[in-house]
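The exercises below ask the reader to work through a structure step by step, from a bound molecule to the sheets and to two single residues. Each task is followed by its solution.

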Amino acid sequence: MPRAAKKNQKPFALFFLSLTPDLTSYIKNQIKGLPHRIVPDVLTVDELDPKTEILGVFTDSKVTKDIFARLPRLKLVVTLSTGFDHIDLKEASRRGIPVCNVPTYGDYTVAQHALALILALSKKLFESVKRVKEGEYDYHGMRGFDLKGKTIGVVGTGHIGKQLIRLLAGFEMNIVAYDPFPDKKFAAERGFSYVPLSKLLGSADIITLHVPLLPATHHLIGKKNLKKIKPGAYIINTARGGLIDGATLLSGLQSGQIAGAGLDVLEDEEVMRDPVLIFGDKCDECTVKTSLMNSLLIDHPKTIVTPHNAFNTTEAIKRIIDTSIGNMRAFLAGNPTNNVSRR
Ligand code: NAD
């Protein structure tokens, strides 16, 4: 059972958040009255404080079994994100610690990023800008393709997938979608159809992923499904890196089966952020392989990779902070909201 906080108790909150000064002031203002410390970095064991009762993190901080063990007074974890695969939910649940997320801050924001990747790939925008900045004012080799009349396959029609479908309204594309829990009313309103995943993969010119990373979705784009993808399709991933097997994507890009990819997330992307993981004591064969794979994807001429930036707008971060502080206050009032640890 989640442990409710006692009334009038002022628990110590520790946050691992790297924010710009304006947003740091914003969050500080929101948690006024609560003892807290904000570490402007990802979570490290060295910065942990054993008196922590509330832990706040972004997706780049892993809250492992070991972290739970090091925080004996921990009563609540708030993640300033929708995804929560960076937190050991089993351990949280075993300890009766609620883990509260932000279910809906970024529908529009992330969908806008997916659309930006689609547009950038379709018009070779990144290469074009790079070329001009390098002094070559020449369009040869920069031919793109129209979105109008193409088929886009939306995998996962939750908050973000649906918002993308709304944004696509003006592009005159054919939309197909796959979701184990289809929203047929929404499909009828928006004029698209749900199809089985293999049909989506075989018919879409652009495949865009909007599903959580779960055992069932791990390497959704892997060896088996690669064969089903329409030759020359583009892949967009703004959800989680682990949805795509990097080796499969690389071989698809090499063979031309996949024409290009717009990725905001990479598998085990923390390795790319923290060179210590590659060059330090914790390095193992697996981290080396992952970082190599990710580097190959980043450097590939047919990819555009952004550093898990889809959520990152001022408006969205304010919404994230508002909901997270709301989650903390609800917990302190004895009624946790958006608790994902008991799923
Ligand atoms: P959501 O929970 O609203 O929707 C997820 C959808 O996926 C649901 O409709 C669910 O039924 C569907 N789904 C589950 N398993 C599936 C499967 N096997 N195949 C197809 N569909 C399946 O989540 P959301 O708010 O739309 O977010 C989607 C994901 O985007 C999150 O889980 C998170 O990982 C990611 N995200 C990334 C960023 C970023 O900055 N890049 C920001 C926010 C969210």
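A polar contact is taken here as a pair of N or O atoms within 3.5 Å. The model is a predicted one, and every value below is computed from it.

**Exercise 1.** Describe the surroundings of the ligand, and identify polar atoms of the protein that lie within 3.5 Å of its N or O atoms.

Solution. Begin with the shell: 24 residues surround the ligand, and the closest are His159, Ile160, Asp179, Thr238 and Asp264. By class, the shell divides into twelve nonpolar, nine polar and three charged residues.

Next, take the atom pairs in turn. An oxygen atom of the ligand has a polar side-chain atom of His159 at 2.7 Å, while a nitrogen atom of the ligand lies 2.9 Å from a polar atom in the backbone of Thr238. Asp264 contributes a polar atom of its side chain, 3.0 Å from a nitrogen atom of the ligand. As for cover, the ligand taken alone exposes 870 Å², of which the protein buries 86%.

**Exercise 2.** Work out the strand order of the seven-stranded sheet, and explain why S8 and S12 each have one side without a neighbour in the sheet.

Solution. The seven strands form an open sheet with parallel pairing, and reading across it gives the order S8-S7-S6-S9-S10-S11-S12. Strands S8 (193-194) and S12 (303-305) stand at the edges with a single partner strand each, and therefore one side of each has no neighbour in the sheet.

Inside this order, S10 (residues 233-237) runs parallel to S11 (residues 258-263), and five bridges join the two. One point of register is that Ala233 stands opposite Ile258 of S11. Strand S11 is mostly covered, since five of its six residues are buried.

**Exercise 3.** Carry out the corresponding analysis for the sheet of five strands.

Solution. This sheet is also open, its pairing is parallel, and its strands follow the order S2-S1-S3-S4-S5. The edge positions belong to S2 (36-39) and S5 (99-100), each of which has a single partner strand, so that one side of each is left without a neighbour in the sheet. Four bridges pair S1 (residues 13-16) with S2 in the parallel sense, and Phe16 has Val39 in S2 as its bridge partner.

**Exercise 4.** Is Asn225 buried or exposed, and which residues does Asn225 contact beyond its neighbours within four places in sequence?

Solution. First locate the residue: Asn225 is found in helix H9 (residues 223-226). Its relative accessible area is 12%, which is under the 20% limit, so Asn225 counts as buried. Leaving aside neighbours within four places in sequence, its contacts are Leu197, Leu201 and Leu220. With Leu220 there is also a polar pair, in which the backbone oxygen of Leu220 lies 2.7 Å from a polar side-chain atom of Asn225.

**Exercise 5.** Where is Pro212 found, and which residues does Pro212 touch when those up to four places away in sequence are not counted?

Solution. Pro212 is found in the loop between strand S9 (206-209) and H9. With residues up to four places away in sequence set aside, Pro212 touches Thr217 and Leu243. For a distance across the fold, Pro212 and Val176 are 36 residues apart in sequence and 19 Å apart in space, C-alpha to C-alpha.

Terms used. Residues are numbered from 1 along each chain as its sequence is written. This is a predicted model: local features need pLDDT of at least 70, side-chain atom pairs count only at pLDDT 80 or more; totals for chains, interfaces and linings use all residues. Side-chain values use heavy atoms; hydrogens and water are left out. Two strands pair if DSSP finds at least two bridges between them. A residue is near a molecule or strand if one of its heavy atoms lies within 4 Å of it. A polar contact is a pair of N or O atoms within 3.5 Å; within protein, one must be able to donate a hydrogen and the other to accept it, and residues adjacent in sequence count only if both atoms are side-chain atoms. Accessible areas come from the Shrake-Rupley method with a 1.4 Å probe; for residues, only the protein chains shown count as cover. Ala, Val, Leu, Ile, Met, Phe, Trp, Tyr, Cys and Pro count as nonpolar, Asp, Glu, Lys and Arg as charged, and the others, Gly among them, as polar. Buried means under 20% relative accessible area, exposed over 50%, partly exposed in between (1.4 Å probe, protein chains only). Contact means heavy atoms within 4.5 Å.
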